[in-house]
Structure formats: structure tokens, C-alpha cells
Amino acid sequence: MKGSMMLIQDNGIARDRIIPAGGTAYAAGIALTRPPNREAALWKQAIDQMLAWKKTRIVENCEDYPAQDVADTAIDFAVDQSDTGTSAPDSIVPSGGGRIAMEWNTPSETIIVEFIGLGTASYIRFDSAGKVAARDTLRRNPQSRRLQLQG
Amino acid sequence: MPDTKIPAVPSGPASATGVPGAELLYRRLLPGAWSRAPTLVIPQRYFMPRPWQSDERLGDSDGISINCALLTDAVTASRRPDTGERVPLAEFAASDVYRIGLSVRGAPLPKDPSHAVIPELNSLDRRDTEKEQKMEEWALALRNCSRLIRPQGT
């Protein structure tokens, strides 16, 4: 959770405009009930899966598998989020064109972070009616090396 | 749900698109999903077109591919034409596609007469920010009325 808060606060954007109270992709009440150790274990699984995609890409050279720089960016993001106790996403998938998408769902919203290149990702949040409530771009801060919302 | 008006659901044997509202449709999912739970919530991204990257790599320029259940079966539809790999499917009704404000266009292939597309969800329009935002909402709506099926061998 702190990781996501930092991600927003570093850029001076009110976090509740982009990410709900609690600073994570989950509503605070849900996030607080999630055991940190369990989340760290899930992030580890997810990171292992992304590392496997990198190897597969080399073998298969298939357009739908994630590009190396995209996978590297997504893995870095996952490590950052895991280190700071953020809830793991519901899914991480190759999303076509070499991209990777992470998705969080709650009854009140859906959040997707899609990694599209080296140090670059898109962020989108849908409200409970399925409308886009926020869109932004995440770029790596060369100093902190973390992905930050551009605002 | 998008802002577009919701059209009446086609009730006859053939809609304007040629696919009856009661027809079931399959969308092949990209392989390799990681899920925090054993039951995967179908990711919204599976309903977005592959992006345009260059004039040589157009992505899903005609729309996202689907299969009409009337002309195939789930096991056949689950097989990727490029690798032969079997993957899970999202299943939804044509009536839901129409209700969301999208259409279905038959696009039979030599080896796959059941192939069709949802033309509004295409990579060329996705280059436009406003159109892409509408696509994002359509894709989420489509996801929300889909169910995951895992044919034998996937």
C-alpha cells in the first residue's frame, strides 16, 4: 500500500483522485484484511510467472508473448509493490502486442495497469458503472527508479 | 457501460448482423494468464484489440476475433490457429454484444467458417484516445457478461 501511495504522492497528485483511500488498487477495507505474507507470496508467484514469460519469448518469438523490456518493467513494478505491501492483482496477463496487464477488481472499481514499454505503463480506473473514472501514464523516475503517475 | 444508446436485442432468427441474438460466441484467450485465485476472473484486456504498432504490425485492425458457436464447438474454437495450442475461452451471447452497442460481422476464414469479428473493437481506432476510452468501457462490459470455459485439453 505504501508503494502505491508513494507512487502518487511523489508526483503531487491527490491519491484519492487516482487510487482510492488506502493508496492501493483495492478499497482500503479489503486491503487491510489481506494478510501481508499472503500477498508477498502471491507477488512472488506472479514474478516467477513473468520470468517464465521472458524465457518463453526467447523460444517462441510469438507476438503475443511479452516483450523483454516490458517484462522487465512489469517485474520491477511487482517487486516494488511487493516490498511495500501492496495487494497482489487478481490477474497478470500477456495483453497482446508484447504488453503485460495487471488487473485489480473490487465491487466498486476495476483498475488496470498495462506495461507497454521500457519504464512505461498506462493506468486506468473504472467506476462501479463500468465508466472510465481516471486514466494516466506511469513513467519511471530516473532518480527513484519507480514508476510514477504523470498526472 | 458506454454512453451509446442500447439498441433492442434482436429477437428473430437473423439480426442485422446476420448473427441471431441467442447465438453464443467464443473469444479465445491469450495463453499464460497468472491469477491470484484458482478461478480466473476474465481479464478485461482479453477483449481489447491487439494494438497497432506499425504499418507492418497492424494488430487487430478488423476487430477482435470471435467464433460463432453455431458453426463450431468449444474444443475446436479453443485451438490457436498459429500454434495449435488449446486455450480457455470466454463465452457470451450475441444479444449481450448488441445490448452493449457493438456488432458482430461474419468473417469466415478458409479453415474456419465460424470466424467473425466485433469490428468496433479494432486497433486502428484504438490509436485515438477518445475512441480507445470508449473501447475500454465496451471491453469491460463484454467481460462482465462473459463466462470462462475450459474445453477439454486446455
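In chain A, strand 5 and strand 6 (residues 147–149) are paired in the antiparallel sense through three bridges; strands here are DSSP runs of E with at least two residues, helices are DSSP runs of H or I with at least four residues, and both are numbered from the N terminus. Two strands are taken to pair if DSSP finds at least two bridges between them. The model is a predicted one, in which local features need pLDDT of at least 70 and side-chain atom pairs count only at pLDDT 80 or more, whereas totals for chains, interfaces and linings use all residues. Residues are numbered from 1 along each chain as its sequence is written, and chains are lettered from A and ligands numbered from 1 in the order in which they are written.

Within the pairing of strand 5 with strand 6 of chain A, A:R140 has A:L147 of strand 6 as its bridge partner. These two strands form a hairpin with six residues between them, and A:R145 in the turn has a positive phi of about 65 degrees. Strand 5 of chain A also pairs with strand 4 of chain A, in the antiparallel sense and over seven bridges. In this pairing A:S122 stands opposite A:T137 of strand 5. The hairpin of strand 4 and strand 5 of chain A has five residues between the strands, and A:G130 takes a positive phi near 85 degrees there.

The contact between the chains draws on 29 residues of chain A and 22 residues of chain B, two residues being in contact if their C-beta atoms, placed from the backbone, lie within 7 Å. On the chain A side, at least two residues are supplied by each of helix 4 (36–60), strand 1 (91–96), strand 2 (99–105), strand 3 (110–117), strand 4 (120–126) and strand 5 (132–140). Strand 1 of chain A gives the largest share, six residues. By class, the chain A side has 14 nonpolar, nine polar and six charged residues, with Ala, Val, Leu, Ile, Met, Phe, Trp, Tyr, Cys and Pro counted as nonpolar, Asp, Glu, Lys and Arg as charged, and the others, Gly among them, as polar.

Strand pairing also extends across the chains: strand 1 of chain A is joined to strand 2 (residues 34–35) of chain B by two bridges, and the two run antiparallel. Here A:S91 stands opposite B:S35.

In chain B, six strands form an open antiparallel sheet in the order 5-6-3-1-4-7. Its edge strands, strand 5 (105–106) and strand 7 (147–149), each pair on one side only. Strand 1 (residues 24–28) and strand 4 (residues 89–93) of chain B run antiparallel and are joined by five bridges, with B:Y26 opposite B:E91 of strand 4.
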